[in-house]
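Student: I should like to take a close look at one helix in this structure and to understand how it sits among its surroundings. Could you guide me through that part and then place it within the whole chain?

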Amino acid sequence: MDELTALTILAKTINTCLNTDLPAAEVFAALNFLAARLPVKWPFVEFRQGLESGDENVRRQILNSALAAIKLLLRARQR
């Protein structure tokens with residue numbers, strides 16, 4: 001797995017989690033892959049917790065926020 005693949009899986013999770021279930025193993029593998037490359041862990045915890053939310057709007061907001069933070073951290077690391 002590479003970073004782009006992992007980010008794509010997470011983005012796909014946000015877009016489809018309201019309608020279908022993605023394989024949890026694939027989502028968690030993507031989270032673990034990216035978390036291993038960054039020192040800050042809270043966005044990954046937030047993403048996992050967001051998956052558990054029963055409210056669709058709250059879930060979408062949490063997942064979008066966490067993914068945005070993950071992307072920012074990846075960009076900052078490359079500088």
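Tutor: The following account begins with the whole chain, turns to helix 3, and then follows its surroundings.

Please keep in mind throughout that this is a predicted model. The secondary structure of the protein chain consists of 4 helices and 0 strands, and along the sequence the pattern reads α-α-α-α. The C-alpha trace spans about 35 × 20 × 15 Å along its principal axes. A compact globule of 79 residues would have a radius of gyration near 12 Å, and the protein chain agrees with this, having 12 Å. Of the 79 residues, 34% count as buried. Among contacts with a separation of 6 or more, 58% are between residues 24 or more positions apart. The accessible surface amounts to about 4,800 Å², and carbon and sulfur atoms account for 54% of that surface.

Let us now turn to helix 3, which covers residues 42–52. Which of its residues are buried? They are Pro43, Phe44, Glu46, Phe47 and Gly50. Viewed down the axis of helix 3, these buried residues fall within an arc of 160 degrees, so they line one face of the helix. The general geometry helps here: an α-helix has 3.6 residues a turn, so residues three or four places apart point the same way. On the other side of helix 3, Gln49 and Glu52 are exposed.

Against what does the buried face pack? The buried residues of helix 3 pack against helix 1 (3–16), helix 2 (24–35) and helix 4 (56–78). Phe44 offers a detailed example. Leaving aside neighbours within four places in sequence, Phe44 is in contact with Leu31, Leu34, Ala35, Leu38 and Ile70.

Phe44 also belongs to a wider group of residues, the largest nonpolar core, which has 19 residues. Those with the most contacts inside this core are Leu10, Leu34, Phe44, Phe47 and Ile70. Helix 1, helix 2, helix 3 and helix 4 are the elements that give two or more residues to the core, and the largest share, 6 residues, comes from helix 2. As a general tendency, nonpolar side chains in soluble globular proteins are buried together.

Beyond helix 3, the chain passes through the loop between helix 3 and helix 4, where Ser53 is placed. Is Ser53 buried or exposed? Ser53 counts as buried because its relative accessibility is 17%, and the cut-off for a buried residue is under 20%. Neighbours within four places in sequence aside, Ser53 is in contact with Val58 and Arg59.

Arg59 leads us into helix 4. With a relative accessible area of 11%, Arg59 is buried. The C-alpha atoms of Arg59 and Gln49 are separated by 8.7 Å, and the two residues are 10 residues apart along the chain. Gln61 also lies in helix 4, but Gln61 counts as exposed at 58% relative accessibility. From C-alpha to C-alpha, Gln61 and Gly50 are 8.3 Å apart in space, while in sequence they are 11 residues apart. Gly50 is one of the buried residues of helix 3.

Further along helix 4 we find Leu74, which is buried with a relative accessible area of 4%. Not counting residues up to four places away in sequence, Leu74 touches Glu3, Leu7, Leu34 and Leu38. Leu38, which is also in contact with Phe44, is 36 residues from Leu74 in sequence, yet their C-alpha atoms are 7.4 Å apart in space.

Glu3, which Leu74 touches, brings us to one further feature. How many salt bridges does the structure hold? It holds 1 salt bridge, in which the side chains of Glu3 and Arg77 meet at 2.7 Å, N to O. The pair links distant parts of the chain, with Glu3 in helix 1 and Arg77 in helix 4, 74 residues apart. Arg77 is partly exposed, with a relative accessible area of 37%. In general, side chains of opposite charge can pair when their charged atoms come close.

To return to the helix with which we began, the buried residues of helix 3 line one face and pack against helix 1, helix 2 and helix 4, while Gln49 and Glu52 are exposed on the other side.

Terms used
Residues are numbered from 1 along each chain as its sequence is written. This is a predicted model: local features need pLDDT of at least 70, side-chain atom pairs count only at pLDDT 80 or more; totals for chains, interfaces and linings use all residues. Side-chain values use heavy atoms; hydrogens and water are left out. Buried means under 20% relative accessible area, exposed over 50%, partly exposed in between (1.4 Å probe, protein chains only). The arc is that of the directions from the helix axis to the C-beta atoms. Contact means heavy atoms within 4.5 Å. A nonpolar core is a set of buried Ala, Val, Leu, Ile, Met, Phe, Trp, Tyr and Cys residues joined through side-chain atoms within 4.5 Å. A salt bridge is a side-chain nitrogen of Lys or Arg within 4 Å of a carboxyl oxygen of Asp or Glu. The radius of gyration is taken over C-alpha atoms; the globule rule is 2.2 Å times the number of residues to the power 0.38. Accessible areas come from the Shrake-Rupley method with a 1.4 Å probe; for residues, only the protein chains shown count as cover.
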